[in-house]
Amino acid sequence: MANLEILVSELPTLIQSLKLTIGDSNEIMEQIILINDTQEQLRNLKKLIAQELRFDRIKNSAIATLPRIATEATLFIPSLGLVDPAIAEKFGNSETKISLTDLQSKIDSWIDWGYFLQAIAADILSDIQLVNQLNSDIIHPSIATEFKALSENLNIKLDLSKSNILQRQIQKVSSYQKELLQLQEKLDYIFNAIKTSRSLLNILLGVSAFYRKSGFALEWLDDDRELIISSEGKFQELTDILNECDFFQEQIAALIIQGDALKEQAEQALKKIEQESNKEPIVSQQVEIVPKFSTPKIVCSALIVVSSLLILGFGGWKIKEQSLQLQQMSLSLTQEGSAIAKFKSAQKLGMEAAFLVQKPPHPLKVWQQAETKWHQAINLLDSIPKETSVSNQAKKKLAYYRINYKFISQRVLIEKKALANLESAQKLAIEANLFVQNSPHSLLSRQQAQDKWQQAINLLEAIPASTSVSIQAKKILPIYKTNYAAISQIIQNSTSRLYSLVQLCVKS
């Protein structure tokens, strides 16, 4: 128990290292090694817990004659200090008792998270263009830093009395406005990359373009299966980044208007300075009196006819325009109603999918049902037009629905693999028994049966504890190991007897 308590005391430090910092790609490989080492320590801790649980069962059975209440050993997980609420679930409740069984379950989730991070890291390193983009982002200031700098630069006090200074200030304002428009384009790219990308790597590129020099780390998946990201000690979900993009877009629009007001004020001041410096006497002009003829009457008559025709033409155009407006309004109302219905349906599907996968493990069928629901929800949100009232809500939902779908799809693959392992192991066990039954005295058949049992054991041991078939695998694994040990002993005895017979023959 002493060794177990020592390892548990080191848990907070271990779990803190289970994250993937994305910035400088040269450090990613080192992080993969660190994550792998952490997983190995967690697996060792899990083995010690299994030993302790076996010891407790033996101890309890030894005192079965005494009246007792069956209890399970518990441990304290040391306090980590202040933990951001966004990742509190990752560490669990500190300074509280946790049973060894619950701790085993937590360790499984930590190990699975490590595999998820390693898979992302491997995907990043295998994409040269993505690596180059990450390395490029890390040398530029973050969106927040760039916005703050531009906001401060536009805080200009105009010198309204000097034209040369005013002209330079107008040029500066125009330059800052141009940079603001470029920042708007970057925000559009980031928003679309996170909102519409079906690839997690493309989403990470959008996040990288947002944080840039600040860098960021993948910390955890929250209860809603949304990715938690940290940067400079701040923890955020993907939807938080999208909300910040919206905020910066609004602020940038306000700054551009502020720049226009400054330029207008400066230009008016320049005109005033120019007028004062170029004052000239006003020259009176004589108005020539044109004698009256009958021609103007003809012109007036022609103008009246033309005006009438224009009025008639304008009236006809106006009627046509109103008809088109009515058609557009009808179409818009239909589109709006359809968009709201789609959004509500997507939300319902998302809630159903999230409810399905609560309290895992689950059979493969359940994971597949959740995967289908997330996919259907994504398709609905993706089809909502930008012009509708629910468009902004839809794009916020869409970003983390894609993450949920990605995660569930991976769980489907894990469950499929686990089920395939179980079925293959059971098939190998049947084949092993057939070898022995068909040729009970054949050494070759026994060796083939031994090999089948070993393969079956390897498959069962490779089944993750987080899968639904893990319980079944754990039940049959001891039986398979017993059969393997028995056939191995028979082979060893047969080999020994055969060796003895050979020796007797040689001596005779």
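Isoleucine 252 counts as buried in this predicted model, because its relative accessibility is 0%. The residue lies in helix α10, which spans residues 238-277. Leaving aside residues up to four places away in sequence, isoleucine 252 touches Phe147, Leu180, Leu183, Gln184 and Leu187. Phenylalanine 147 is 105 residues away from isoleucine 252 in sequence, yet the two C-alpha atoms are 8.0 Å apart in space. Phe147 also belongs to the set of α7 residues that contact α8, and Leu180, Leu183 and Leu187 are among the α8 residues on the other side of that contact.

The pairing of α7 with α8 was examined next. Helix α7 covers residues 143-153, and its axis comes within 11 Å of the axis of α8, with a crossing angle of roughly 160°. Angles over 145 degrees count as roughly antiparallel, so α7 is roughly antiparallel to α8. The crossing of these helices is left-handed. From α7, the contact draws on Ile143, Glu146, Phe147, Leu150 and Asn153. From α8, the contributing residues are Tyr176, Glu179, Leu180, Leu183, Lys186, Leu187 and Ile190. By class, the residues of this contact comprise 8 nonpolar, 1 polar and 3 charged.

Helix α8, residues 163-196, also packs against α9, residues 200-211. Here the axes come within 7 Å and cross at roughly 150°. This angle makes α8 roughly antiparallel to α9, and the crossing is left-handed. On the α8 side, the residues in contact are Tyr189, Ile190, Ala193 and Ile194. These meet Asn202, Ile203, Leu205, Gly206, Val207, Ala209 and Phe210 of α9. The contact of α8 with α9 contains 9 nonpolar and 2 polar residues, and no charged ones. Ile190 of α8 takes part in this contact and is also listed in the contact with α7.

Helix α9 packs against α10 as well, with the axes 12 Å apart and an angle of about 50° between them. At that angle α9 is oblique to α10. The crossing of α9 and α10 is left-handed. Ile203, Val207, Phe210 and Tyr211 are the α9 residues involved, and they meet Leu238, Ile241, Glu244, Cys245 and Phe248 of α10. This contact divides into 8 nonpolar residues, no polar residues and 1 charged residue. Ile203, Val207 and Phe210, named here in the contact with α10, also appear in the contact of α9 with α8.

Helix α9 is in addition one of the elements that cover the buried residues of α6, and β1 (20-22) and α5 (100-125) are included among the others. Within α6, residues 128-137, the buried positions are Leu130, Val131, Leu134 and Asp137. These positions lie on the same side of α6, because the arc they cover around the axis is only 125°. Ile128 and Gln129, on the other side of α6, are exposed.

Two residues other than glycine were noted for their backbone conformation. Most residues other than glycine have a negative phi. Arginine 212 has a positive phi, near 45°, and is located in the loop between α9 and β4 (216-221). With a relative accessibility of 9%, arginine 212 counts as buried. Glutamate 232 is not a glycine either, and its phi is positive at about 55°. This residue lies in the loop between β5 (227-231) and β6 (234-237). In contrast to buried arginine 212, glutamate 232 is exposed, its relative accessible area being 69%.

Farther along the sequence, asparagine 421 is found in helix α13, residues 391-438. Asparagine 421 is buried, since its relative accessible area is 6%. When residues up to four places away in sequence are not counted, asparagine 421 touches Leu459, Ala462 and Ile463.

Over the whole protein chain, the secondary structure amounts to 15 helices and 6 strands. The chain has 508 residues, of which 36% count as buried. Among contacts with a separation of 6 or more, 71% involve residues 24 or more positions apart. The pair formed by isoleucine 252 and phenylalanine 147, 105 residues apart in sequence, illustrates such a separation.

Technical notes
Residues are numbered from 1 along each chain as its sequence is written. This is a predicted model: local features need pLDDT of at least 70, side-chain atom pairs count only at pLDDT 80 or more; totals for chains, interfaces and linings use all residues. Side-chain values use heavy atoms; hydrogens and water are left out. Axes are lines fitted to C-alpha atoms, for helices over the stretch in contact, and angles run from 0 to 180 degrees between N-to-C directions. Helices (H or I, at least four residues) and strands (E, at least two) are DSSP runs, numbered from the N terminus. Angles under 35 degrees count as roughly parallel, over 145 as roughly antiparallel, 65 to 115 as roughly perpendicular and the rest as oblique. A crossing is left-handed if the near helix is turned anticlockwise from the far one by less than a right angle, and right-handed if clockwise. Contact means heavy atoms within 4.5 Å. Ala, Val, Leu, Ile, Met, Phe, Trp, Tyr, Cys and Pro count as nonpolar, Asp, Glu, Lys and Arg as charged, and the others, Gly among them, as polar. Buried means under 20% relative accessible area, exposed over 50%, partly exposed in between (1.4 Å probe, protein chains only). The arc is that of the directions from the helix axis to the C-beta atoms.
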